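Subject: Structure for your review

Dear colleague,

I am handing over the structure below, followed by an account of what was found in it. Please read the text with the coordinates open beside you.

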Amino acid sequence: MPGRSVRIARIAGIPVGVSPWWLIIVGLITWSLGAGYYPGEVHGITTAASYALGLASALLLFASILAHEFGHALVARRVGVEVEEIDLWLLGGVARMRGQPKKPGDELSFALAGPAVTTPIAAIFGVLALALPASAPAALRAVIRYQAEINLLILGFNLIPAFPLDGGRVARALLWQRSGDIGAATATASRLGQGIGYVLIAFGVISTLNGAPGGLWFALIGMFLVVAAKAEQVQEQVLTTFTGVCAAELMSQPAICIPPALTLDEAQEYFARYRFTAFPITDTTGRAVGMLSIDQLERTPDSKLARTFVAEIADRDPALLVHENEDIAHLLEQPAFARVGRAVVVDGEGGPLGVVSLTDIQRALRAARLHDDSNSARPVPR
Ligand SMILES: [Zn+2]
């Protein structure tokens, strides 16, 4: 996956980020349009005007992609799936979701929401391109024609039935609706996505070898599909394995807590002695209120360690406190848990019972896979 994205805006409460790759792509599109497309379309255009139109077209294209992703995000929100962020990156956009749709119908409307935005965009530019009289400025006609074609391409690409593209999500939703088994539907959709990915890679390599360097795009998109389809399948397996498993089943006991009145200097001893990456923090009544992580200690300048109290910098994100009966699948969807890697398991009164860590969950996942394998293919020796 590409490098870290940088937040540039917040629209309708949803953060929008751009990956550094996005700048490279804007540059490439600007260059290819400025050097090739516009000089061919607009007779006598200056180099500066040609590149300016190229840049404007690239930005307009990304506005269309952003609109497409917002289509997904707003529907996701309506069916109760939270949208963490919309990212613009190498191959367009992606709406990062926290959690999964709960019903096949939700998945279907979520998947179709993006194309439902891109279709009218492509149609409007298409109609404009056809309706503009030949006497209209050539530059205007060229700008509109490019947007019509590129939006049609985006629409077509997203409708390829390769999970996790929109078309693949539609396929998964329909399979899920028919069988009622999201795990099996995901596995089939993911295999289909990987298969199409490999076909695109082969096509890209063959056309490149035959002297068409544009084929590299197909290979790149194919690789993206293979990796993304596998990742979605693994995520689905993890969620399936841990749905119905509660936090108390996987926690390590006892919960070793750091009292809030200690200074960071004193708290360091806990990290040295137990070698955990984070500890629960309690209040004066003994209830858990958050976590203190080794990252937070490392970020604090040495000169402040003796003067800062644990209670002042504890991470009080409520997602780091998990009720003993809460589903592990739910915890795995929490960004705070991914960030800290540990959460404190509490009883009804907020008393710390234990700690559940990513390592605990990974161990359980490996054990579950072992169990699955021995149940299915391999004969058990007597
Ligand atoms: Zn989409």
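Glu41 has a relative accessibility of 33% and therefore counts as partly exposed, and its side chain meets that of Arg145 in a salt bridge with an N to O distance of 3.1 Å. This pair links distant parts of the chain, since Glu41 belongs to helix α1 and Arg145 to helix α4 (residues 138–158), with their positions 104 residues apart in the sequence. Arg145 counts as partly exposed as well, because its relative accessibility is 33%. Please keep in mind throughout that this is a predicted model.

Arg145 has a further partner in Glu149, and the side chains of Glu149 and Arg145 meet in a salt bridge at 3.1 Å, N to O. Both residues are in helix α4 and lie four residues apart, so that about one helical turn separates them. An α-helix has 3.6 residues a turn, and so residues three or four places apart point the same way. With a relative accessible area of 42%, Glu149 is partly exposed, because the buried class ends at 20% and the exposed class begins over 50%. Elsewhere, salt bridges that share partners join Glu107, Arg169, Arg172 and Glu232 into one network.

The count for the protein comes to nine salt bridges. One of them is formed by Lys103 and Asp106, whose closest N and O atoms are 3.8 Å apart, and here the acidic partner, Asp106, counts as buried because its relative accessibility is 13%.

As for the overall architecture, the protein has 14 helices and nine strands, and its C-alpha trace spans about 80 × 65 × 40 Å along the principal axes. Of its 382 residues, 43% count as buried. Helix α2 allows a simple check of geometry: its 32 residues (47–78) should span 46 Å at 1.5 Å a residue, and the C-alpha atoms at its ends are 47 Å apart, so the two values agree. The helix is followed by Gly80, which has a positive phi near 85 degrees.

Two surface patches deserve a look in your viewer. The nonpolar one covers about 990 Å² and is made by Trp21, Ile24, Leu28, Trp31, Tyr51, Phe203, Trp217, Phe218, Leu220 and Met223. The elements that give two or more residues to this patch are α1 (20–41) and α7 (215–242). Tyr51, by contrast, is found in helix α2, and with a relative accessible area of 30% it is partly exposed, so it falls between the buried and exposed classes. The other patch carries negative charge and gathers Asp265, Glu266, Glu269 and Asp302 on the surface. Of these, Asp302 is placed in the loop between α10 (294–299) and α11 (310–313), and it counts as exposed because its relative accessibility is 68%.

Some details of the backbone may also be of use to you. The peptide bond from Gln253 to Pro254 is cis, with omega near -10 degrees, and Pro254 lies in the loop between α8 (247–250) and α9 (264–274). Arg275 has a positive phi, near 60 degrees, although the residue is not a glycine. Arg275 is found in the loop between α9 and β5 (278–282), and its relative accessible area of 70% means that it is exposed.

Finally, there are two buried residues whose contacts across the sequence can be followed. Which helix holds Ala185? Ala185 is found in helix α6 (residues 182–209), and it counts as buried because its relative accessibility is 2%. The C-alpha atom of Ala185 is separated by 7.7 Å from that of Ala173, a residue twelve places away along the chain. Asp360, placed in helix α14 (residues 358–375), has a relative accessibility of 9% and so counts as buried despite its charged side chain. Asp360 and Ser252 are 108 residues apart in sequence, while their C-alpha atoms are 7.8 Å apart in space.

With best wishes

Notes. Residues numbered from 1 in each chain as written. Heavy atoms only, no water. Expected span 1.5 Å × (residues − 1). Patch = residues over 30% accessible without salt bridge, like charges linked within 9 Å, V, L, I, M, F, W, Y side chains within 5 Å. Areas by Shrake-Rupley, 256 points an atom, 1.4 Å probe, with all protein chains shown as cover. Salt bridge = Lys/Arg side-chain N within 4 Å of Asp/Glu carboxyl O. Charge placed at Lys NZ, Arg CZ, Asp CG, Glu CD. Buried < 20%, exposed > 50% of the residue type's maximum accessible area, 1.4 Å probe, protein only.
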